[in-house]
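Colleague: Please take a close look at the surroundings of the ligand, and then carry on from there to whatever else in the model a first-year student should learn to find. I would like one connected account that I can follow with the picture open.

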Amino acid sequence: MNIVQSVEEMQQIMQDLRGKGKSIGFVPTMGFLHEGHLQLLRNCKAENEISVLSIFVNPLQFGPNEDFDSYPRDIERDEALARNAGVDILFYPSKDEMYKNNMSTRITVVDRVDVLCGEKRKGHFDGVATVLIKLFNIVTPHKAYFGMKDAQQVAVVDGLIKDFNIPVELVPVETIREEDGLAKSSRNVYLSNLERKEAPHLYQSLMCGKQAIEDGERSVGIIKQAVSKHILEHTSGKIDYVEVLSYPELEQINEIQEKVIIALAVKFTKARLIDNITLVVPNN
Ligand code: AMP
């Protein structure tokens, strides 16, 4: 595995690989790798000759009161996991290397960001879009892999790729969960023992919403209430949002329609967790 920290060197390597006609897959992450990241890497490896993993905790996507400084980092462990997963190139730039020119230009995401995490974390997706434009230009992948755990991010990246005619194929990957249903996340390490026991109820609350829809409930208000009730009854977390929106448009709806997302964000003492499910609802 080649570990590269310099943007210039990375661009040289990628240019050479492209010149040789290699197919390139890319998995952008913030590190502290877990089974969710490894699944993206497995899909990437299966579909491309060269697999590139980036690890970069991007300051632009964290708000002033968010966890940029305390975000979990362990590059030695990540290196070993990446090597094991068969990563060909690990791109691991420093903050100064990525933003050495202080950035005279930023991307502003205007669509699908007035809901969910976009509404609660102002500027978050601008930071995501800005770093991704840089990473796509540096890595020049044919395919890029993103987890559905961050469904709104998938929708935003889809828009970014289309808006800027970036020649990369977006490949969404299903959410990987612990056996008890908790979505794998780097932030799970910040749950206390008790919170860790409560956290699977987030997924179970989504299942309550799904069950209500399958039982014929069509009122978004009632479904949101059922999900929230389950969270409040079974966890000590504070609800940041519980939403049922059209998918992939992420528009507010009053009645369930064919494709919907049930999404939630819940704040525990040291970790804010998100989760979602998307559903295709048969017309009755
Ligand atoms: P992060 O390092 O949290 O920025 O995540 C990097 C990529 O891994 C993003 O595309 C995430 O959506 C994806 N990812 C994170 N957790 C999971 C998970 N549990 N299942 C699938 N993909 C995930």
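Modeller: Helices, which are runs of at least four residues, and strands, which are runs of at least two, are DSSP runs that are numbered from the N terminus. Please keep in mind throughout that this is a predicted model.

Let us begin with the ligand, which is surrounded by 17 residues, and the closest of these are Met30, Gly147, Asp150, Ile176 and Lys184. If you sort the residues of this shell by character, you find six nonpolar, seven polar and four charged. Strand E2 (24–29), helix H2 (35–47) and strand E5 (143–147) each supply at least two residues of the shell, and the largest share, three residues, comes from H2.

Looking at individual atoms, you can find an oxygen atom of the ligand 2.6 Å from an N or O atom in the side chain of Asp150, and an oxygen atom of the ligand 2.9 Å from an N or O atom in the side chain of His37. With Ile176 the partner is a polar backbone atom, which lies 2.8 Å from a nitrogen atom of the ligand. The ligand taken alone would expose 480 Å², and the protein buries 93% of that area.

In the loop that runs between E2 and H2 you will find Phe32, whose relative accessible area is 17%, and because buried means under 20%, Phe32 counts as buried. Phe32 and Leu90 stand 58 residues apart in sequence, while their C-alpha atoms are 13 Å apart in space. Compare this with Leu160, a residue of helix H7 (residues 151–163), for which the C-alpha atom is separated by 36 Å from that of Glu198, although these two are 38 residues apart along the chain. Leu160 has a relative accessibility of 6%, which is under the 20% limit, so Leu160 is buried as well.

A charged residue can be examined in the same way: Asp275 is placed in strand E9 (residues 272–280), and its relative accessible area of 4% makes it buried. The side chain of Asp275 makes a polar contact, at 2.8 Å, with the side chain of Arg177.

Turning to the nonpolar interior, the largest nonpolar core holds 52 residues, and those with the most contacts inside it are Met10, Met14, Val52, Ile89, Met98, Leu132 and Phe136. Helix H6 (residues 124–139) gives the most to this core, namely 10 residues, and at least three residues are drawn from each of domain 1 (2–173) and domain 2 (186–279).

Finally, a few details of the backbone deserve a careful look. The peptide bond from Tyr247 to Pro248 is cis, with omega near 10 degrees, and Pro248 belongs to the loop between strand E7 (238–246) and strand E8 (259–267). In the loop between helix H4 (95–98) and helix H5 (116–120) you will find Met103, whose phi is near 60 degrees, a positive value in a residue other than glycine. Met103 has a relative accessibility of 22%, which falls between the 20% and 50% limits, so Met103 counts as partly exposed. Arg112 also has its place in the loop between H4 and H5, and for Arg112, which is likewise a residue other than glycine, phi is positive, near 65 degrees.

Notes: Residues numbered from 1 in each chain as written. Predicted model: local features only at pLDDT ≥ 70, side-chain atom pairs only at ≥ 80, totals over all residues. Heavy atoms only, no water. Near = heavy atom within 4 Å. Polar contact = N/O pair within 3.5 Å; in protein donor to acceptor, adjacent residues only side chain to side chain. Areas by Shrake-Rupley, 256 points an atom, 1.4 Å probe, with all protein chains shown as cover. Nonpolar A, V, L, I, M, F, W, Y, C, P; charged D, E, K, R; others polar. Core = buried A, V, L, I, M, F, W, Y, C linked by side-chain atoms within 4.5 Å. Buried < 20%, exposed > 50% of the residue type's maximum accessible area, 1.4 Å probe, protein only. Domains from an automatic or database assignment.
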